[in-house]
Amino acid sequence: MKLRKLASIVLVGAMTLMLAGCGETETGVSVEEINVGNQAMKVSVHDPSIVKADGKYYIFGSHMAAAVSEDLTSFKSFANGVTPGNKLFDNLLNGEKEAFAFTGQHVDGYYAVWAPDVIYNPNLEKWVMYFSTSHDYRTSNICMATADTIEGPYSYQETLLYSGITRMNVENTNFYEILGEDADVSEYVNGSDYNNLVYPNCIDPTIVYDEDGRMWMVYGSWSGGMWLLELDQNTGLPIHPEADEEKHVDAYYGQYLMGGLHNSCEGPYLIYDKESGYYYLFVSYGGLTRTGGYQIRQYRAENITGPYVDTTNETFGFVANHEKYGLKVMGNYDLPSLKTAYMAPGHCSVLQEDDGRLYLVYHTRFDSGSEYHEPRVHQLFRNEEGWLVAAPFATMGETLSETGYANEKAVSGVYHFVNHGTDISADIHSTTEWELKSNGKIEGADGTTGSYKVTANTNYITITLGEVVYKGVIVEMQDEAGNAVRCITAAGNNNESIWGVFYQQ
């Protein structure tokens, strides 16, 4: 493939990134009480994938964890821990442990069950869970399990994809079954090892239906980037395409979308939004630990196979440094009324309600000195250019104003603004005070100057700072302490996101 040729060009730069590791070895959490305000979840579900069923909201995550909520503000755990006693599965850890036949245990000495995604497949009349098992950053599986009810128990059915394939272990995979007995495995091997700089680590699967009702699976993590495969709705299994070198389509792994060279990029989640007409691809950069710089990025495309671009109209390909690519939805941040700074938000999913409202569901750590984490739910809004921007605070049932705001005077005041930047670091982004004057000018306590414009009688706002233009939305909501706040959330044409909070009197 051409991807392999591109890899050799920037291989040297990528090797330094490999030394950082893939951030995929987290085995669980310590239990401790952190009062984070109105949305104190009191459950720990890592890599939460959300699905709605029977009027309830379910999140499924790594380490066989699952929880349920009736209102998106408080969740109750009903499964946790990779143990035979976990009733989420009935056969995963019993008998021959088929899901681990290729991967075995993780290098850290436990069975890795990561990042599931659950859907209802009406053709199968089953709830279907796609999940991954893993040995290390290149040797992994994507598996499929089914259940009659959403809470399970789920029964392992089949292993769909394998990564970490070499000449020595290819007979233990479905490689020849898919590609034929004459297929050449050498394309996927670099020396004696799997070529993970170009080809994917098969973890983090999520399912999406396109605008025509076809079902797809997006997956991948660090290693060779994010990939896409169509699924057969009658079986739930992959439809392997014909190879197309020009379009970066591989016959086994499917359509290459973005990333590679072991750049930090994981947890892909893809949605199609009828209102905007875009496919939105969310991914996480950085290492998943509290100080690892974990964060959420966003890309979009007009077609499900891409190209996926950011606000600068760039895509994340084979590069040595990917920091500037992708709209940074959020990273480490602190706001005045929070009891602790929030750190390492990431591995998200998105819920779209019947009324079109969108919710970002992710896990976050805290500036607490530990790796304790909780799920969070923030509402997403479409700005004037169709980018999705996140509310600064956890959802408490807020809605956009039906009448909007008449002019700049209607939203003027002193706001606490935080800029998430585009860095991948442990830095916590704190606020600074900006006065939005009634004449449309901005004066910041940090010397920032600029202007802003309210689109009359709407919730849209445009903030201009020099050559950078931020398109955003104004929303009235509650902060974590229950205070009434007016918030601004905006995406810049430089891939930065800014949040502004005005505390109502």
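Student: Why does the sulfur of cysteine 265 form no bond with the closest cysteine sulfur?

Tutor: A disulfide is a pair of cysteine sulfur atoms within 2.5 Å. The sulfur of cysteine 265 is 11 Å from the closest one, in cysteine 348, so the two are too far apart for a bond. Keep in mind that this is a predicted model, where local features need pLDDT of at least 70, side-chain atom pairs count only at pLDDT 80 or more, and totals for chains, interfaces and linings use all residues. Residues are numbered from 1 along each chain as its sequence is written, and side-chain values use heavy atoms, leaving out hydrogens and water.

Student: What about cysteine 143, and how many disulfides does the structure hold?

Tutor: The closest cysteine sulfur to that of cysteine 143 is in cysteine 202, 10 Å away, which is too far for a bond. The structure holds zero disulfides.

Student: What makes cysteine 143 count as buried or exposed?

Tutor: Buried means under 20% relative accessible area, exposed over 50%, and partly exposed in between (1.4 Å probe, protein chains only). Cysteine 143 has 0% relative accessibility, so it counts as buried. Cysteine 265, at 1%, counts as buried too.

Student: Why are β25 and β26 said to pair?

Tutor: Strands are DSSP runs (E, at least two residues), numbered from the N terminus, and two of them pair if DSSP finds at least two bridges between them. Strands β25 (residues 413-419) and β26 (residues 432-436) have five bridges, in the antiparallel sense. For example, phenylalanine 417 has threonine 432 in β26 as its bridge partner.

How values were computed:
Helices (H or I, at least four residues) and strands (E, at least two) are DSSP runs, numbered from the N terminus.
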